[in-house]
Amino acid sequence: MDRWDTLEKQLHQSCPALDLRREEPLFRHTSFRVGGPAALMALPASREEAAAAVRIAAELGVTPVYLGNGSNLLVSDEGYDGFLIKTFGGLNDISVDGAAMTADSGVLLSRLAAAALEAGLTGLEFAHGIPGTLGGAVTMNAGAYGGEMVQVLASVTFLDEAGRVETLPASDCGLGYRRSMFSDGKRLILGAELALAPGDPAAIRARMEELGEKRRSRQPLELPSAGSTFKRPEGHFAAALIEQCGCKGLRVGGAQVSEKHAGFVVNTGGATCRDILALIEQVRARVLEQTGVALELEVKTLGIGKGGAGWNLS
Ligand SMILES: Cc1cc2nc3c(=O)[nH]c(=O)nc-3n(C[C@H](O)[C@H](O)[C@H](O)COP(=O)(O)OP(=O)(O)OC[C@H]3O[C@@H](n4cnc5c(N)ncnc54)[C@H](O)[C@@H]3O)c2cc1C
C-alpha cells in the first residue's frame, strides 16, 4: 500500500461521502487544458470535509496543494505526484447581510459579482470577468481595470497547516501585487467576507457590461489560456515589451503568444506543458536580451522544476 492508498483509505473512513479521485487528469481542471494526472484529488462538498482532508493529510505528513478553478495554473505533462484539494464545485455558499457579503472560497467571481448586482451592491464589477474562484482571487489578489481584491476584502477564513480554522482581517493577509500570505500554499482559504457599498443596479450592470466588452475585444477568450502569463514589470507593460521584441504570434507546438494580446500564451490545440514552457523561455530570453527586463511568471506552476518536466522556472 503506498502513501496515497493510505491517505485515500483514511479520508474515506473519516468522510465516506468525500469525492476522492485517483490519477485524476489535471487538464480537466485547468483553463490551459494542459496537465497530467494528480496522484490523489479531493473535492470537498463542505468546509467540514475540507477541514477533515487537511487534518488527515497533516497527520500523515502530506502537504496538499490547493486548487480553485485552475485559471492561473500550468501543470506538468507528467502531472503531479501529490494530493490536491479542489474548492470549486463544492464550497459554494454566498450570503448577504447589508453591504457585507460572505462567500465560500469555491464560488466563482462571476457568480459573486452577479450576486452583488442582485443585492444592489457595488465594488465587484472589476471581478466579473476574472474566471477564478474567490479563494484563487484572494491568494493572487486578483485585479483588473483599476480594481483589486484588497479593495473589497474585509476578512479571510482559512485552515492552517494542521487543519485549524482561523480568521484574519484583510489588512493582516499580506495582500500586494498578485500575492498574499496564502501564496506560499500553506493554508487553505475556506471563505471570505467582502465589504461592498450600496449602489445603483443599472450603473453596476452597465459597468460590468462595459468591462466585459473590453475583455472580449482585447483578450483571446476563445482559446484556452491562463490569462496574463507574466506579472507587470515595474514601469512597463509585459504585453508591450513582448510585442516590441517581435514575439507576438511566436509558436512552439500548439502554444502561441496570442495574436490578439501578446500578454497571453494560448493553447491553439494540443499544446503540451513542454510547448508552453519552451515558448515562455523564448519570450523571456528575447525580452531580457532586447530590453534588459526580466519577466516574472504570474501563472503558478505545478509539477515543474528540477526533476519535473526538466525546466526550472523559479
Ligand atoms: C481568460 C483569463 C483572464 C484572466 N484575467 C485576469 C484578470 O483580469 N486579473 C487577474 O488578476 N487574473 C486574471 N486571470 C487569472 C486567474 O483567473 C486569477 O488569478 C484567479 O484569481 C485565479 O483563481 P482560480 O480559482 O482559478 O485559482 P487557481 O488557478 O486554481 O489557483 C491560483 C493560486 O491560488 C491558490 N489557491 C486557489 N484556491 C485556493 C484556496 N481556496 N486556498 C488557498 N489557495 C488557493 C492555488 O494554490 C494557486 O497558487 C485570468 C485568467 C484567464 C484564463
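**Warm-up**

Asp-2, Asp-5, Glu-8 and Arg-22 are joined in a network of salt bridges. This network belongs to a predicted model, and the exercises below explore that model step by step.

**Exercise 1. Check the span of helix α1, and find out which of its residues are buried and what covers them.**

Solution.

Step 1: Start with the ends. Helix α1 covers residues 3–14, which makes twelve residues.

Step 2: Work out the expected span. The rule multiplies 1.5 Å by one less than the number of residues, so α1 should span 16 Å.

Step 3: Compare with the model. The end C-alpha atoms of α1 are 17 Å apart, which agrees with the expected span.

Step 4: Look for buried residues. In α1 these include Trp-4, Leu-7 and Leu-11. They cover an arc of only 65° around the axis, so they sit on the same side of α1. A general rule helps here: an α-helix has 3.6 residues a turn, so residues three or four places apart point the same way.

Step 5: Ask what lies over them. The cover on the buried residues of α1 includes the strands β1 (19–25), β2 (37–43) and β5 (80–86), along with helix α2 (47–59).

Step 6: Finish at the N-terminal end. Asp-2 caps α1 there, with a side-chain oxygen 3.0 Å from the backbone nitrogen of Trp-4.

**Exercise 2. Compare three salt bridges: Asp-19 with Arg-21, Arg-28 with Glu-24, and Asp-184 with Arg-187. Is each partner buried, partly exposed or exposed?**

Solution.

Step 1: Recall the idea. Side chains of opposite charge can pair when their charged atoms come close. The structure holds 18 salt bridges.

Step 2: Take Asp-19 and Arg-21, whose closest N and O atoms are 2.9 Å apart. Asp-19 has 30% relative accessibility, so Asp-19 counts as partly exposed. Arg-21 is partly exposed too, at 28%.

Step 3: Take Arg-28 and Glu-24, which meet at 4.0 Å, N to O. Arg-28 is exposed because its relative accessibility is 54%, while Glu-24 has 8% and is therefore buried.

Step 4: Take Asp-184 and Arg-187, which meet at 3.3 Å, N to O. Asp-184 is partly exposed at 43%, and Arg-187 is partly exposed at 22%.

**Exercise 3. Describe the surroundings of Glu-125: where is Glu-125 found, and which side chain of opposite charge is nearest?**

Solution.

Step 1: Locate the residue. Glu-125 is in the loop between β8 (121–122) and α4 (134–140).

Step 2: Look for a charged partner. Glu-125 is buried yet has no salt bridge. The nearest side chain of opposite charge belongs to Arg-207, at 6.7 Å, whereas a salt bridge needs the nitrogen within 4 Å of the carboxyl oxygen.

Step 3: Look for polar neighbours. A polar atom of the Glu-125 side chain lies 2.7 Å from the backbone nitrogen of Gly-123.

Step 4: List contacts beyond four places in sequence. Glu-125 touches Ile-204, Arg-207, Met-208 and Leu-211.

**Exercise 4. Where do Glu-193 and Glu-234 lie, and is each buried, partly exposed or exposed?**

Solution.

Step 1: Glu-193 lies in strand β13 (residues 188–195). Its relative accessible area is 32%, so Glu-193 is partly exposed.

Step 2: Follow the fold around Glu-193. Val-156 is 37 residues away along the chain, and the two C-alpha atoms are separated by 6.4 Å. Beyond four places in sequence, the residues Glu-193 touches include Ala-100, Thr-102 and Leu-153.

Step 3: Glu-234 is in the loop between β15 (225–228) and α6 (238–244), and counts as exposed because its relative accessibility is 80%. Val-293 is 59 residues from Glu-234 in sequence and 9.2 Å away, C-alpha to C-alpha.

Technical notes. Residues numbered from 1 in each chain as written. Predicted model: local features only at pLDDT ≥ 70, side-chain atom pairs only at ≥ 80, totals over all residues. Heavy atoms only, no water. Helix = DSSP H or I, 4+ residues; strand = E, 2+ residues; numbered from the N terminus. Buried < 20%, exposed > 50% of the residue type's maximum accessible area, 1.4 Å probe, protein only. Lys, Arg positive; Asp, Glu negative; His and termini not counted. Polar contact = N/O pair within 3.5 Å; in protein donor to acceptor, adjacent residues only side chain to side chain. Contact = heavy atoms within 4.5 Å. Arc of directions from axis to C-beta.
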